[in-house]
Amino acid sequence: GWNPIAAVQGMFDTMVGVFASPNNVKSIFAILIVGGMIKLIETMGGVDGLIRALVQKRSIIKSQKGAMLLTWLIGVLVFTTGGMSILVTGTVSAPICKAMKIAPEKNALIVHATSSPVTVSIPFSAMGAFTVGYLGNLAVEAGGSANIYYESLPFFITPLLFIFGTLFVILTGFDFPAMKAKIREYETRVAAEAAEEETQDSGKGKAIYLILPMVILVVCTLSFMFISGKGDFLKGNGMDSFLFAALISMLVTIVMALKDRLLSLDESIGVFLQGCGSMMPIVTILTCAYTFGAVTGVLGTGAFLGNALGSFVPKALIPLMIYFIAACISMATGSLAASSNTIAPIAIPMAAIMGVNLPLAVGAVYSGAVLGDCASMISDNTILTCSTTKCDVMDHVKTQMPYALANAAVSAALFVVLGLIM
């Protein structure tokens, strides 16, 4: 009714409603716990210990390219959930990349590109396991195959381009001007920061202070997923498992601090709370992102875009249209799941009725959804990436956008070609 007072009241009610979602609250708790644990690890010297072990003493990581390849590999291997991939990969890679004088923006690009693009493309990840059954049911109802997820994997063009395109960037050293500018800016101040860090490094830190909590985080998450799934890993509760694992990792970190007499119990709690406090800007942004996503859901953004564009597009361009709509919704909501779950129930029946190749249509849905997830400023994965890599949110968005747009251009061209020939 164009009532601004009612609109503001509704906005605040929606923001409060964000905390009514168990998954939203668990995500916030996970960020706070990991933030506190990282601060403990830094204070104990775990970061300095890892740098000495990998870079200075054993020279395992000898170059910037080696550090970035390690980051890429960890991101690909930790595929359980996008959030877990970012938290583990970002936490481990940030100190290594800093030691090798790699700009946080470049590290953030790699960490983000190997999160949701990987998890959505692997059937035994948490996201993949859900998608297999979800898409199978939709496809069967539309007269398609229950194995449509597997059939559509070759058409997950955008996720594959993010994964292997980032590897190409690492191997060739190619960068867009925005990233080059940030790298130059970082290099102008890195000498002073390195000197300050060197004076602060006591040499007593151990790599195990960082490695053990991270290993426990991964192992416990996988174990709890197996247990919560009653023997079926794919049916486990990923968010609950990660939260429990983070609590255990945090407690183990405190025990190590007490055992080696690095911190007292009071000091450990104080450092942990200080780390939690450092995450409050990220939590605030994440809360606003969840609120914006909820508002767009109430407004029916997804259905509006689908109905507005779906009535006048030729059959051959249907895959491109699906890709465009999924990307728009994902950019607007910051959610891969919201976009794909909004578009898939519309796209699959529509593609079946119009005679469009169903696996191609599904590939367009998830390609568009991944594009928005990786490029949106309000995506929770964008915010998590920045929190673990110590990168400013706006700097990450600005430097990643050219890569995302190049990916989008190639993906769009391929969907046009495939739509014409299939």
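**Exercise 1. Classify phenylalanine 244 and describe its ring partner.**

Solution.
- Phenylalanine 244 has a relative accessibility of 45%, so it counts as partly exposed. The structure is a predicted model.
- Next, the partner. Phenylalanine 244 forms an aromatic pair with phenylalanine 224. The ring centres are 6.1 Å apart and the planes meet at 85°. Planes over 60 degrees apart count as edge-to-face, and this pair is edge-to-face.
- Place both rings. Phenylalanine 224 sits in helix α12 and phenylalanine 244 in helix α13, so the pair ties together parts 20 residues apart in sequence.
- Finally, check the partner's cover. Phenylalanine 224 is partly exposed because its relative accessibility is 24%.

**Exercise 2. Find how many aromatic pairs the whole structure holds, and assign a geometry to phenylalanine 174 and phenylalanine 176.**

Solution.
- The search of the whole structure gives seven aromatic pairs.
- For phenylalanine 174 and phenylalanine 176, the ring centres lie 5.0 Å apart and the planes stand at 80°, so this pair is edge-to-face.
- Phenylalanine 174 has a relative accessible area of 39%, so it is partly exposed.
- Phenylalanine 176 is partly exposed too, at 21%. The cut-off for buried is under 20%.
- Ring pairs also build a cluster. Its members are Tyr149, Tyr150, Phe156 and Tyr366.

**Exercise 3. Describe the largest nonpolar core: its residue count, its elements and its contacts.**

Solution.
- Start with the count. The largest nonpolar core has 56 residues. Val92 and Phe242 have the most contacts inside it.
- Now list the elements that give two or more residues to this core: α2 (22-44), α4 (64-77), α5 (82-99), α6 (104-113), α10 (157-172), α12, α13 (238-259) and α14 (265-278).
- α2 supplies the largest share, 11 residues.
- Look at phenylalanine 242. Neighbours within four places in sequence are set aside. Its contacts are then Ala30, Val34, Met84, Leu87, Leu217 and Thr221.
- A second, separate core has 46 residues, including Phe156, Tyr366, Leu371 and Ala408.
- As background, nonpolar side chains in soluble globular proteins tend to be buried together.

**Exercise 4. Decide whether α6 is mostly covered or mostly open.**

Solution.
- Count the buried residues of α6: 10 of 10. The helix is mostly covered.
- Check by name. The buried residues include Pro104, Glu105, Lys106, Asn107 and His112. Leu109, Ile110 and Val111 are also among them.

**Exercise 5. Locate a nonpolar surface patch and place one of its residues.**

Solution.
- The patch consists of Ile208, Ile211, Val215 and Val219. Together they have about 310 Å² of accessible area.
- Valine 219 lies in helix α12, which spans residues 208-228.
- Its relative accessibility is 45%, so valine 219 counts as partly exposed. Patch residues must be over 30%.

**Exercise 6. Which residue far along the chain has its C-alpha atom 8.8 Å from that of phenylalanine 12?**

Solution.
- Phenylalanine 12 is in helix α1, residues 4-18.
- With a relative accessible area of 46%, phenylalanine 12 is partly exposed.
- The residue is threonine 291, 279 residues away along the chain.

**Exercise 7. Summarise the whole chain.**

Solution.
- Secondary structure: 21 helices and zero strands.
- Burial: 51% of the 422 residues are buried.
- Contacts: take pairs at least 6 apart in sequence. Of these, 79% join residues at least 24 apart.
- Surface: the chain exposes about 18,400 Å², with 69% from carbon and sulfur atoms.

Technical notes:
Residues numbered from 1 in each chain as written. Predicted model: local features only at pLDDT ≥ 70, side-chain atom pairs only at ≥ 80, totals over all residues. Heavy atoms only, no water. Patch = residues over 30% accessible without salt bridge, like charges linked within 9 Å, V, L, I, M, F, W, Y side chains within 5 Å. Areas by Shrake-Rupley, 256 points an atom, 1.4 Å probe, with all protein chains shown as cover. Salt bridge = Lys/Arg side-chain N within 4 Å of Asp/Glu carboxyl O. Helix = DSSP H or I, 4+ residues; strand = E, 2+ residues; numbered from the N terminus. Buried < 20%, exposed > 50% of the residue type's maximum accessible area, 1.4 Å probe, protein only. Core = buried A, V, L, I, M, F, W, Y, C linked by side-chain atoms within 4.5 Å. Contact = heavy atoms within 4.5 Å. Phe/Tyr/Trp six-rings, centres within 6.5 Å; stacked < 30°, edge-to-face > 60°.
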